[in-house]
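Visitor: Could you walk me through this one?
Guide: Gladly; let us look at it together.

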Amino acid sequence: MTDKMDSDKKESNYLPKNNTKEKSEFSICPYKLQYSFGFNPNVPIINLTTENRTLIAYASSHVAMMYDYSSNEILPLQGHKTAVETLSSSNDGKWLLTADFGKDCTVIVWDTEIKMPICTLFEPHGINGLTAARISPNAKYIVTVGNEKFQNVYFWLWTYGRDKPDAIVELSEVHLDRVKEISFDNDFPKRFALTTDHRVLLFTWDQDKLSYYRLIITAKYGRFGIFNNSIFVRKTSNILTATTNGFVLVCNHVNTAEGAVEEDANIKKKHIKSIKLQTCNITVILNYEGMIVTGNSNGRITFYDNELKLLYWCENRELESIRSISFDLCSKLLGPVYTISETDIESNNGNSTDELNSETESEFIENFISQEEYNSFQDIKYLNNKMDKKLSYLTVNIEPIPKYYYDHKNSIYVATDATLQRSRFITRNTFVSTTKGTIALLDIANLKCKFISKHSAAYITSLDAHPESTYLITGNRESILNLYDYEKCSLIISRKVPDLPNLETILNYQTKKNQIIYISCPQIHESLTAITALKYSPTSDLLICGMENGTLWVLHPLTLELLDEFPYKHSSQSIRNVAFTKCSTYMAYSDDALCIVVFKKNNSKSLNETNIWNLIGKCHSHCLPIRQVLFGPSVKGNSVPRLFSLGEDKDLIEYDLEVSGPYPDPGLKILQIDRIESKATPLYMEWYPKFGAETLFVISNSEHKYRLLNDIIRMIRGTFVNPTFETPILSKENNNIYMVFATNKEIGLQILPIDGNPYTSVAITGHPFQITGFAVDCKKSIVFTMGYKDSCVLMWKIKFRSVNIMKRLGGEGLSPFYSLIKGGKNGWLFNEMQDLFYYAQILQQGENTIETRKISDMASIKQIPNLMRAVGYFPSNKELENILCEVSYKNYAETGQLLEEITFEDFVKLYINHRPVFGYSTKEMKKAFASFCETKSVNDEDLVLTRDQFMNILFGTYPEKNILEDKLLGEPLTLEEAYTYLKLLIPSEDANIEHFADSKGQVSINFDFLPSRISYKDFVTVILGVDLLEKMRAENKVT
């Protein structure tokens, strides 16, 4: 009974109208998309509102959203790999088409009543992508236009379920223009028009044949500007094309009978006249109930009759350039079913997992009537009462409103048209979107305007989540900060970062006082306005805002007002990683100038000293981009915290804060520098949860590996394969049980501790291009992501149960690791590993012993190097040293004893976690060989080394062109090692080592069996024994 009551309560809170359904579903998808803060303003919105639902559809990143604006609920339509570029719907709103235009493009038709994909066209134009796609008004046809050099137009009878188009036409004569818009004829849906920048093409589907012709424009294109869109005027034979210079081109065929509804499809149209309809860019033109509706770049919406006579116009000063206009539908379709999944009913940490407040966003109330008009009104009191009841007012027909509108108290101010009769102008509710990121609901008949969304269209460049409350802060490239309450899905405040004061004056004042606090880099870069770093302090008392120009502002965490009078300017380039100590006493950041800047909180404020932070110092400590700045707890006997930085130069640097500061002397001091990688590039570092006595870092690198590193002695304690979707560049600890991570495009969830098990992590696409930042909320249950050149922030609910299910599916022991071994459990490689492991036991006991053999599941760790090489992995000496240290010291911190033996299961896991994840490709081998050659050519024939150069490389010295280099090249071989290995690789009749004495009596070895010139092809095929063609063929097949 309790479950039933809870279910009913959820239905009443979430489900629109009377269309309800409960469904419990369990999946391994790690995240559920809950909301999108912002949308793609370049894609038109679609109004799907009917008598029984209040829905609009818009694009956010790679997801199409159906948004119920009455309940503030999001219904995501996920299925695209790249950004959704176009939306269109049938006349009744039943069918919604979404399409992305990338190389892996997909066109999907959705049933908006059940929120399910009905038809999917995968890569309809192959790898070429799309430039336009649209569904017909009667939902029978789909037209797609490819992005080939000579564009192809595909006509689909999609309801038949065919994988191939029903007609194909190549646009060979318009290859210099790209088709950008498709418009159907509502009266005759088999006819449609394609619009390019300077052409209009008319198509007709007739008797299983698609034919077209190009409209001839009888004037210079420069006069009209660029074509935006074309429409077929209903119940006439006219075609109208709107342009950027405010023209509307009228096309028709000659001798058209007045009032004609249908026309012969074979009669070609021509350009009849051009009308300068407006003085600015006409961005939108469409048909609506016998009227022509336009929107322009000034935010004005205008209604005309079919002869382009003005009927009505309206505008709102908050509406800028119009991107789309969409009216309510004459339909009784129901709203989509809201599905209750496991995230709605499972509980995480005792909290409800899917409780979103259904309150709508704050209503923006504004009076848009000019002062001159206002003074002309006779009844001011009555007008004010009217204003209080309206959300906002439209400016209409600009002439003063007649007195008789307010003669009676019960009269209502309504919209009237521009005719002499001043008839009441009635339209259905209208949704308007702008290129600046605004969505507005217009009730034109009653002069009301409600703003559904007012997110900035500028790209999001930084974000962070409040550590204690349900707030999300974002910053964009136009210096605008937006604070959201993500629980209510509402915008709280939007504020622009203040302008910079006179930095030279502040610097001079500091210099006189001999105390540098605020300014040490007074350079001002006015064109650099992006907010590149946002970080709340752990104590929630302030917000750090780092700028692209190197400025750092200290703001109030909620009001976003300045807490410090002046900014801190100690960098000449963008601020990136900001870090705090847990008590917020110290703060540090890195910048693009490869510097670390450290501050300490000023606890001795006075009337003369109001600065929040004191500058300890800054240090140019890395030579490649800095990936992470991290504070750690102090060591025993010291109260000062520890500070680390990690760079792509493979250096982990610890700073000595105890002897550092103030700036400039002594400044920031370095305590220790450690090279933590030999080949891979470190990408991210975080503190690893304590599962034992040691304190460890977890570091991800470019070779798809996690490294566990001891924070004191810098010894590697573990190496594990990380999820191989892309390279994990960000990670977050979550309750010491789970870790959230992000790759270039995916966001994932991983169970801790890390062990290389591929079934302990799951991920989904978080952004189609690149994830540039993400944050986890204070309850560790929601993740926020932002992407490259995207104005949206996506909010994801973490589904912890998904990764637990995935782990159970993988099995126990070695079962989940078999998928990482070629051939699996019954393959040749695994059987070979078993045989070699038992042979290693025989070698350990002696090959010729007469004692009873002891066969067990253990082998000496001294056999690990030979075992690794025997199964095809050839680690360097340094890598072998790390492997042996990992095994030997595995339990040393807990037991104080070194391990001397390894089990077969542990050996298999060790091999899988340490070997190259994807092996070595021919491209990598060629690049390595070319780095020693004197030529820059990439042709195989030009990549040649002499015998002496080749041997010098093996002995660890640089080729002759780099003879001035002092350091050794890698790990050099001895003479006998080089001879032995090369003789094995290039067998000859005489296998004995040939010794010769030189003039000084020293013994040398003859390498004349090597060719005098060694090309790249010879090196790969002869020395390494690789079938080059077969390997390249296999790599291309995988790709």
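Visitor: Is Ile754 buried or exposed?
Guide: This is a predicted model, where local features need pLDDT of at least 70 and side-chain atom pairs count only at pLDDT 80 or more, while totals for chains, interfaces and linings use all residues. Residues are numbered from 1 along each chain as its sequence is written, and side-chain values use heavy atoms, leaving out hydrogens and water. Buried means under 20% relative accessible area, exposed over 50% and partly exposed in between, with a 1.4 Å probe and protein chains only. Because its relative accessible area is 5%, Ile754 is buried.

Visitor: Which residues does Ile754 touch, not counting those up to four places away in sequence?
Guide: Ile754 is found in the loop between strand E55 (746-751) and strand E56 (761-765); helices (H or I, at least four residues) and strands (E, at least two) are DSSP runs numbered from the N terminus. The C-alpha atoms of Ile754 and Phe720 are separated by 7.1 Å, with their positions 34 residues apart along the chain. Taking contact as heavy atoms within 4.5 Å, the residues touched by Ile754 are Tyr688, Val698, Tyr706, Phe720 and Met739.

Visitor: What share of the protein's residues count as buried?
Guide: The protein has 17 helices and 65 strands. Among its contacts between residues at least 6 apart in sequence, 52% join residues at least 24 apart. Of the 1039 residues, the share that counts as buried is 53%.

Visitor: Which strands stand at the edges of the open sheet E10-E11-E12-E13?
Guide: This sheet of 4 strands has antiparallel pairing, where two strands pair if DSSP finds at least two bridges between them. Inside it, strand E11 (residues 142-146) and strand E12 (residues 152-156) pair over 4 bridges, and Thr144 stands opposite Tyr154 in E12. One side of each edge strand is left without a neighbour in the sheet because each has a single partner strand; these are strand E10 (130-135) and strand E13 (167-170).

Visitor: In the sheet E33-E34-E35-E36, what is the bridge partner of Ile460 in E34?
Guide: Here too 4 strands form an open sheet with antiparallel pairing. Strand E33 (460-465) and strand E36 (490-496) each have a single partner strand, so they stand at the edges. E33 and strand E34 (residues 471-476) pair over 5 bridges, and the bridge partner of Ile460 is Asn476.

Visitor: How many aromatic pairs are there?
Guide: Rings of Phe, Tyr and Trp (its six-membered ring) pair if their centres lie within 6.5 Å; planes under 30 degrees apart count as stacked, over 60 as edge-to-face and the rest as tilted. Ring pairs link Tyr141, Phe155, Phe184, Phe192, Phe203, Trp205 and Tyr212 into a cluster. By this rule, the count of aromatic pairs is 45.

Visitor: What kind of aromatic pair do Phe955 and Phe1007 form?
Guide: Phe955 is partly exposed at 25% relative accessibility, whereas Phe1007 is buried at 8%. Their ring centres are 6.4 Å apart, with 65° between the planes, and the pair is edge-to-face.

Visitor: Over the face of which residue does Lys983 lie?
Guide: A charge sits over a ring if NZ of Lys or CZ of Arg is within 6 Å of the ring centre and within 35 degrees of the ring normal. One such case is the charged end of Lys94 over the ring of Trp95, 5.5 Å from its centre. Lys983, at 4.5 Å from the ring centre, lies over the face of Phe1009.
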